Each structure stands twice: as C-alpha cells, then as structure tokens.
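The following exercises ask the reader to work through a single protein chain, from its overall layout down to individual side chains. Each task is followed by a solution in steps.

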Amino acid sequence: MTRLLARRLQQYVLTAVLMGMAAQSYAGKANDTLVYASDSEIENVSPYHNTMREGVILARLVWSNLVYRDPKTGEYKPELATDWQWESPTALLMHLCKGGQIS
C-alpha cells in the first residue's frame, strides 16, 4: 500500500512541476528549437496515424496544417494556405503562403 501511495505522490509532484514549467516550453525564437521531454516514448508523430493525446499535441506543435478550424467559432482559418476556393464539388484550389512561413 505504501508503494502505491509513494507512486501517486511522485506522479502529483511531477505533474505540478511540469505545469509550473509550461510557460517556458515554447520554441526559442533565436535558434528556432523546441525542447521536449517525456517519461515514455511516443509511438509516432504523424498527425494522421496517432491517437494518443501526447502524440497528437506534439504533432500539432511540430507540423503545420493548410488550414486550422477554430474550436470556438467552427470557422476555417488560414495557416499554410492563404486562401482557397472550390472549383467544383471535388476540386479545391488552395493558394499557399510564400516560403512556407505562417504569418
């Protein structure tokens, strides 16, 4: 029983420490890097093949999308695609931003 209690306490302390450091986990503007640490290995970082919460969040931080759906309004907003229009029911024309830089 004490092992379980010690393990739980360790998890709570680790969670509190990680939450306290969350503000410092952004990519550095000077060298364009993201430092990430985890106690388990991510199966993959493909946004299409990963269903684990940690992998989905990490994939969102690493990969850019053509468009982004705002969860509050439900509207699609540009990311890599600056604008888009339907040419037919099965063809979508997308204009991409120059150099792959999201504004």
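A residue counts as buried when its relative accessible area is under 20%, as exposed when that area is over 50%, and as partly exposed in between. The model examined here is predicted.

**Exercise 1. Classify Glu79 by its accessibility, then locate the residue and its polar partner.**

Step 1. The relative accessibility of Glu79 is 15%. Because the limit for a buried residue is under 20%, Glu79 counts as buried.

Step 2. Glu79 lies in the loop between S2 and S3.

Step 3. The side chain of Glu79 comes to 3.2 Å from the backbone nitrogen of Asn65. Polar contacts are pairs of N or O atoms within 3.5 Å, and the 3.2 Å separation of Glu79 and Asn65 is the value to set against that limit.

**Exercise 2. Describe the secondary structure of the chain and its overall exposure.**

Step 1. Two helices and four strands make up the list of elements. Their order along the sequence is α-α-β-β-β-β.

Step 2. The chain has 103 residues, of which 9% count as buried. Its exposed area is about 9,500 Å², and carbon and sulfur atoms supply 59% of that area.

Step 3. Consider next the contacts between residues at least 6 apart in sequence: 7% of them join residues at least 24 apart.

**Exercise 3. Which residues form the salt bridge, and how is each of them exposed or buried?**

Step 1. The structure holds one salt bridge. Its partners are Lys77 and Asp70, whose closest N and O atoms are 3.1 Å apart. The cut-off for such a pair is 4 Å.

Step 2. Lys77 has 34% relative accessibility and therefore counts as partly exposed. Asp70, at 13%, is buried.

Step 3. Asp70 is placed in the loop between strand S1 (67-69) and strand S2 (76-78).

Step 4. The side chain of Asp70 also makes a polar contact of 3.4 Å with the side chain of Thr73. When residues up to four places away in sequence are not counted, Asp70 touches Glu75 and Lys77. Lys77 thus appears both as a contact of Asp70 and as its salt-bridge partner.

**Exercise 4. Analyse the pairing of strands S3 and S4.**

Step 1. Strand S3 covers residues 81-88 and strand S4 covers residues 91-96; the two pair in the antiparallel sense over six bridges. A hairpin of two residues joins S3 to S4.

Step 2. Two positions illustrate the register. Asp83 stands opposite His95 in S4, and Trp84 has Met94 as its bridge partner in S4.

Step 3. A general rule helps in reading such positions: side chains in a regular strand alternate between the two faces of the sheet.

Step 4. Thr82 is also found in strand S3. With 41% relative accessibility, Thr82 counts as partly exposed. Its side chain makes a polar contact of 3.1 Å with the side chain of Asp83.

Step 5. Apart from its neighbours within four places in sequence, Thr82 is in contact with His95, Leu96 and Cys97. Thr82 and Lys98 are 16 residues apart along the chain, and their C-alpha atoms are separated by 9.2 Å.

**Exercise 5. Determine the surroundings of Pro78.**

Step 1. Pro78 belongs to strand S2. Its relative accessible area is 45%, so Pro78 is partly exposed.

Step 2. With neighbours within four places in sequence left aside, Pro78 is in contact with Leu66 and Trp84. Trp84 is the residue whose bridge partner in S4 is Met94.

Step 3. In sequence, Pro78 and Cys97 are 19 residues apart; in space, their C-alpha atoms are 9.5 Å apart.

**Exercise 6. Which residues form the nonpolar surface patch, and where does Val45 lie?**

Step 1. Leu34, Val45, Ile57, Leu61, Val62 and Trp63 form the patch. Together they have about 520 Å² of accessible area.

Step 2. Val45 lies in the loop between helix H1 (2-20) and helix H2 (53-62).

Step 3. Val45 has a relative accessible area of 30% and is partly exposed.

How values were computed. Residues numbered from 1 in each chain as written. Predicted model: local features only at pLDDT ≥ 70, side-chain atom pairs only at ≥ 80, totals over all residues. Heavy atoms only, no water. Salt bridge = Lys/Arg side-chain N within 4 Å of Asp/Glu carboxyl O. Buried < 20%, exposed > 50% of the residue type's maximum accessible area, 1.4 Å probe, protein only. Polar contact = N/O pair within 3.5 Å; in protein donor to acceptor, adjacent residues only side chain to side chain. Contact = heavy atoms within 4.5 Å. Patch = residues over 30% accessible without salt bridge, like charges linked within 9 Å, V, L, I, M, F, W, Y side chains within 5 Å. Areas by Shrake-Rupley, 256 points an atom, 1.4 Å probe, with all protein chains shown as cover. Pairing = 2+ DSSP bridges.
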